[in-house]
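Student: I would like to go through this structure by question and answer. Where should we begin?

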Amino acid sequence: LPGKAVKVEMNARDLEICNRVGPLMKEKGQVLVGLDIIGGLLTEINLTSPTGIQELEMFDSINVAEKIWECLEHKHDKEFS
């Protein structure tokens, strides 16, 4: 059976993983990264095909494409100023 997206709140362990992985991803120049966390364990880091954009827009009405472009523009401005 196919998976189904369900909105859940991040717990303390999820945030701990994000806070540990995030700085390295930022250091490596990654703008959008998908983390798969199952049972409190990081199982996968998706660099080339992070999913969830449609779900963020559906669940939280966030314009993810706009936020990604803003981030890329800011990164570009910092690198070339």
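Tutor: Start with a definition: a salt bridge is a side-chain nitrogen of Lys or Arg within 4 Å of a carboxyl oxygen of Asp or Glu. Bear in mind that this is a predicted model.

Student: What is the N to O distance in the salt bridge between the side chains of Arg13 and Glu16?

Tutor: Side chains of opposite charge can pair when their charged atoms come close. Arg13 and Glu16 both lie in helix α1, 3 residues apart, about one turn of the helix. Their side chains meet in a salt bridge, and the N to O distance is 3.2 Å.

Student: Is Arg13 buried, exposed or partly exposed, and what about Glu16?

Tutor: Buried requires a relative accessible area under 20%, and exposed requires over 50%. Arg13 has 33% relative accessibility, so the residue falls in between. Glu16 has 37%, so this residue too is partly exposed.

Student: How many salt bridges does a search of the whole structure find?

Tutor: One of them joins Arg13 and Glu16. Another joins the side chains of Lys7 and Asp60, at 2.5 Å from N to O. The search of the whole structure gives a total of 2.

Student: How many residues apart are Lys7 and Asp60?

Tutor: Lys7 and Asp60 are paired in a salt bridge. Lys7 sits in the segment before α1, while Asp60 belongs to helix α2. The pair therefore links distant parts of the chain, with a separation of 53 residues.

Student: Which exposure class does Lys7 have, and which does Asp60 have?

Tutor: The relative accessible area of Lys7 is 43%. For Asp60 the value is 35%. Neither value is under 20% or over 50%, so Lys7 and Asp60 are both partly exposed.

Student: Which side chain of opposite charge is nearest to Asp14, and how far away is it?

Tutor: Asp14 is placed in helix α1, residues 12-27. The residue is buried yet has no salt bridge. A salt bridge needs a nitrogen within 4 Å of a carboxyl oxygen. The nearest side chain of opposite charge is that of Arg13, at 7.0 Å.

Student: Leaving aside neighbours within four places in sequence, which residues is Asp14 in contact with?

Tutor: Arg13 is left out here, being a neighbour of Asp14 within four places. Beyond that range, the contacts of Asp14 are Glu9 and Ile37.

Student: Which side chain makes a polar contact with the side chain of Asn46?

Tutor: Asn46 lies in strand β2, residues 41-46. Its relative accessible area is 12%, so Asn46 counts as buried. Outside the four-place window, Asn46 is in contact with Leu32, Val33, Gly34 and Asp36. The polar contact, at 3.3 Å, is with the side chain of Asp36.

Student: Which element gives the largest share of the lining of the largest pocket?

Tutor: The largest pocket holds about 1600 Å³ of space. Of its 40 lining residues, the closest to its centre are Val33, Gly34, Leu35, Thr51 and Leu56. The elements that give two or more residues to the lining are α1, β1 (34-38), α2 (53-60) and α3 (64-79). The largest share, 8 residues, is from α3.

Student: What separates the C-alpha atoms of Ile53 and Val64?

Tutor: Ile53 lies in helix α2. With a relative accessible area of 28%, Ile53 is partly exposed. Its contacts beyond four places in sequence are Leu32, Val64 and Ile68. Ile53 and Val64 are 11 residues apart along the chain, and their C-alpha atoms are separated by 6.2 Å.

Student: What is phi of Ser61?

Tutor: Most residues other than glycine have a negative phi, and most peptide bonds are trans. Ser61 is in the loop between α2 and α3, and the residue is exposed, with a relative accessible area of 67%. Its phi is positive, near 55°.

Student: Which pattern does the protein follow along the sequence?

Tutor: The protein has 3 helices and 2 strands. Its C-alpha trace spans about 45 × 25 × 20 Å along the principal axes, and buried residues make up 12% of the 81 residues. Read along the sequence, the pattern is α-β-β-α-α.

Technical notes: Residues are numbered from 1 along each chain as its sequence is written. This is a predicted model: local features need pLDDT of at least 70, side-chain atom pairs count only at pLDDT 80 or more; totals for chains, interfaces and linings use all residues. Side-chain values use heavy atoms; hydrogens and water are left out. Helices (H or I, at least four residues) and strands (E, at least two) are DSSP runs, numbered from the N terminus. Buried means under 20% relative accessible area, exposed over 50%, partly exposed in between (1.4 Å probe, protein chains only). Lys and Arg count as positive and Asp and Glu as negative; His and the chain ends are not counted. Contact means heavy atoms within 4.5 Å. A polar contact is a pair of N or O atoms within 3.5 Å; within protein, one must be able to donate a hydrogen and the other to accept it, and residues adjacent in sequence count only if both atoms are side-chain atoms. On a 1 Å grid over the protein atoms alone, a cavity is a set of points where a 1.4 Å probe fits but cannot get out, and a pocket is an open set with protein on both sides within 12 Å along at least five of seven lines; lining residues have an atom within 4 Å of a point. Grid points are joined across faces, edges and corners, and a volume is the space filled by probe spheres set on the points.
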